[in-house]
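The following exercises concern the chain shown below. Each task is followed by a solution that proceeds step by step.

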Amino acid sequence: MQAWLGLGLSYTLSLWGTQAFPAMRPVSIRQWSPWGLLLCLLCCSCLGAPSPSTAPEKRPGSQGLRFRLAGFPRKPFEGRVEIQQAGEWGTICDDDFTLQAAHVLCRELGFTEATGWTHSAKYGPGTGRIWLDNLSCSGTEQSVTECASRGWGNSDCTHDEDAGVICKDQRLPGFSDSNVIEVEQHLQVEEVRLRPAVGRGRRPLPVTEGLVEVRLPDGWLQVCDKGWSAHNSHVVCGMLGFPSEKRVNTAFYRLLAQRQQHSFGLHGVACVGTEAHLSLCSLEFYRANDTTRCPGGAPAVVSCVPGPLYAVSSGQKKQQQSKPQGETRVRLKGGAHPGEGRVEVLKASTWGTVCDRKWDLQAASVVCRELGFGSAREALSGARMGQGMGAIHLSEVRCSGQEPSLWKCPHKNITAEDCSHSRDAGVRCNLPYTGVETKIRLSGGRSRHEGRVEVQIGEAGSLRWGLICGDDWGTLEAMVVCRQLGLGYANHGLQETWYWDSGNTTEVVMSGVRCTGSELSLDQCAHHGAHIACKRTGTRFTAGVICSETASDLLLHSALVQETAYIEDRPLHMLYCAAEENCLARSARSAPWPYGHRRLLRFSSQIHNLGRADFRPKAGRHSWVWHECHGHYHSMDIFTHYDILTPNGTKVAEGHKASFCLEDTECQEDVAKRYECANFGEQGITVGCWDLYRHDIDCQWIDITDVRPGNYILQVVINPNFEVAESDFTNNAMKCNCKYDGHRIWVHNCHIGDAFSEEANRRFERYPGQTSNQIV
């Protein structure tokens, strides 16, 4: 009897605490007074305690709350999270929001788990109350009410900080949708295109002018041009990957529209011009029973201006060339695809990153349009495109979306204590459709990310596929292929592909391909043209690639080179091993061994991996070379070049560094070491770690015995032969000014090759060694 009463009491108290009084929780029986206890027992007796075997399962804490996903653009399993509390809908602030909180909310919405979450109102700002702030969940809670927060309705956020979730598209078994209300179930604008009204099929891609069409369940439909404005055109062009719009000959298109049939699906479009997507504008859909659509109107027509990368006609190119060509003050680094990357800005002739605090689509769109792309598809936070090094120039950037440059947006200057590179902001921009991916393909590989490269040649009606000669094919060429196919970075560029079946394609149609690595498609690279010259014939010696969505990115700590540089006169009898590994100048061969000495410029090099994949040697352990003298394996014959250059670029001294041992010397606080050379271990550099070559180890020098006094440039280049793929090769070189008087050397102004502005680099190379800040 006592057990039955205890069960009934526990159930009733739980039911009252969660349904009648949502803010209350079940309480212990010991907290009740005798009269309260008697009252509860009478209630249990009157109401009757339900049998545990037949009682419906309750999710404690969520009764009285309703959940929904909202916002545009989105899919059914993602969106801004909204909660109905006390009959009023509200949102959740993104402060302290984590993936664990997203897991709990996705289960409340009927999905199995979360795959991600968004911040800064990615799906648009909500309205009404902000119900939860500083939400902290472990991920195992049955309800969001079990998570810690500042309390219901207690928030210091704005709706620009509304949180969203991306749930796994898999429903909980037996979940009832009665608690999940999908708002805005009416039609959504997800895709927009321009359809050329004349010359269809003959115009080159990308299409920059035509009728605006939106994709709806009934197919592609036109938009009524009544009330159409330049702001609307600006938004459409941004979605299609173009930075701006221009006036169009509406009279011509209206005359043309009179001779054609049209199907309208949208009208009343009214954009402000700062929206990143047409669905964020005010608009109306025609109903199915609307018999008269767009009376007296015509299809909306838009003409867009392409950015410099996508100008195809001579008129477009002249328009781009007529614009003032000042040096850009914003750039993207570390992205796998065009129009994406970590945002870096130029300040005081030095490049630095942007903190992601308050980073949103409006600011990201300003960056994208400034660089010649469309509006932003995504504003990235948390160093999603890899961490930068050096200064962080901007924080809390607040753009309206109309600014011509990120520097015109209100922002805060920042100090090192305010933000870290783990919060570097990034963007993904909308790009024009060019169709370049249809002109190339991979065949024979185990997955779509690898295979023998085949290119399409010929004119319409006589197109055919052919192979590429593997002579001199390397990482830079493979990078272009992977970019053209939208497959990210190149892991390897292969000159032999005998292990991949070539199928029916056996003709070699391209040879002598040489790329810089920055081209958007292979036809922009130099090659032999129609004349095919291939040293090794046969399909086994044709080009192949292996692509990857991530890559490493090595960067030398330039300040350490400057701090540790010094001169040593080292006796020849201590340099036998170094001579065996070719670490001395040629004149050392005729030196009076073991007498005499060599003058060495020594310094430490600390090489960081700031990319999104580990840096691994190209060769496997089976092909590493053992060097008995130093007692180690070389996994890369040439890992670093050290050079002393004159102001005009002439090399007067050189050194090289084989990869004595690629390992994780130290790592960031939250990163574990993975590579260690001891006991023939695996070699590499983990993301977030660095390999340190101290100044006092063999070959960590340049032999300057034969260098005359003067002003020079010290240059260090990592991975100089591009043996291992990286996301960015432009930051692999480091340069320093140095002045040598025959006894001492001054080393100063050390910097990564792309860390300065173009003008600062010109000044650097014009006056090497003229100022000094270090005497060694």
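**Exercise 1. Identify the residue that stands opposite Leu601 in E37, and describe the sheet to which this pair of strands belongs.**

Solution. The model is a predicted one.

Step 1. In E37, the residue opposite Leu601 is Ile702.

Step 2. The connection between strand E29 (residues 597-602) and E37 consists of 3 bridges, and the two strands run antiparallel.

Step 3. The sheet is open and has 3 strands, ordered E28-E29-E37, with antiparallel pairing. Strand E28 (566-571) and strand E37 (701-703) are at the edges; each has a single partner strand, so one side of each lacks a neighbour in the sheet. From one strand to the next, the twist averages 35°.

**Exercise 2. Determine which residues of the largest nonpolar core touch the most other members, and which strands each supply at least two residues of this core.**

Solution.

Step 1. The core has 34 residues, of which Phe603, Phe639 and Leu714 touch the most other members.

Step 2. At least two residues each come from E27, strand E33 (640-645), strand E38 (710-718), strand E39 (733-740) and strand E40 (745-752).

Step 3. For Leu714, neighbours within four places in sequence are set aside; the contacts then include Val561, Leu601, Phe603, Ile644, Ile702, Met734, Cys736 and Cys738. Asp643 and Lys735 are also in contact with Leu714. Both members of the opposed pair from Exercise 1, Leu601 and Ile702, are thus among the contacts of Leu714.

Step 4. A second, separate core comprises 27 residues, including Leu332, Val343, Leu361 and Ala376.

**Exercise 3. State how many residues of helix H8 are buried, and against which strands they pack.**

Solution.

Step 1. Helix H8 spans residues 475-484, and 10 of its 10 residues are buried.

Step 2. Charged side chains are found in this list as well: Glu477 and Arg483 are buried, as are, among others, Leu476, Met479 and Val480.

Step 3. The packing partners of the buried residues are strand E21 (440-444), strand E22 (450-457), strand E24 (489-494) and strand E26 (544-548).

Step 4. After H8 comes Gly486, with a positive phi near 70°.

**Exercise 4. Trace the pairing of E23: which strand pairs with E23 in the antiparallel sense, and which runs parallel to E23?**

Solution.

Step 1. E22, one of the strands against which H8 packs, pairs with strand E23 (residues 464-468) over 4 bridges in the antiparallel sense. Val455 is placed opposite Gly466 in E23.

Step 2. The two strands form a hairpin with 6 residues between them, and Gly458 in the turn has a positive phi of about 100°.

Step 3. Strand E25 (residues 508-510) runs parallel to E23 and is joined to E23 by 2 bridges. Here Leu467 faces Val508 in E25 as its opposite residue.

**Exercise 5. Give the order of the strands in the open sheet that contains E27, and find the residue opposite Cys667.**

Solution.

Step 1. The order of the 4 strands is E27-E30-E36-E35, and the pairing is antiparallel.

Step 2. E27 and strand E35 (666-667) are the edge strands, each pairing on one side only.

Step 3. Between E35 and strand E36 (residues 689-693) there are 2 bridges in the antiparallel sense. Cys667 stands opposite Cys689 in E36.

**Exercise 6. Decide whether Asp553 is buried or exposed, and how far away the nearest side chain of opposite charge is.**

Solution.

Step 1. Asp553 lies in the loop between E26 and strand E27 (554-556).

Step 2. Asp553 is buried, and its nearest side chain of opposite charge is that of Arg342, 4.8 Å away.

Step 3. A salt bridge requires a distance within 4 Å; Asp553 has none.

Step 4. Not counting residues up to four places away in sequence, Asp553 touches several residues, including His608, Asn609, Glu726, Asp728 and Asn731.

**Exercise 7. Locate Cys167 and explain why this residue is classed as buried.**

Solution.

Step 1. Cys167 is in strand E6 (residues 164-167).

Step 2. The relative accessible area of Cys167 is 1%. The class of buried residues is set at under 20%, and Cys167 is therefore buried.

Step 3. Ala114 is 53 residues away from Cys167 in sequence, yet their C-alpha atoms are 4.1 Å apart. Ala114 is also one of the residues that Cys167 touches, together with Phe77, Cys106, Phe111, Glu113 and Thr115.

Methods. Residues are numbered from 1 along each chain as its sequence is written. This is a predicted model: local features need pLDDT of at least 70, side-chain atom pairs count only at pLDDT 80 or more; totals for chains, interfaces and linings use all residues. Side-chain values use heavy atoms; hydrogens and water are left out. Buried means under 20% relative accessible area, exposed over 50%, partly exposed in between (1.4 Å probe, protein chains only). Contact means heavy atoms within 4.5 Å. Two strands pair if DSSP finds at least two bridges between them. Axes are lines fitted to C-alpha atoms, for helices over the stretch in contact, and angles run from 0 to 180 degrees between N-to-C directions. Lys and Arg count as positive and Asp and Glu as negative; His and the chain ends are not counted. A nonpolar core is a set of buried Ala, Val, Leu, Ile, Met, Phe, Trp, Tyr and Cys residues joined through side-chain atoms within 4.5 Å.
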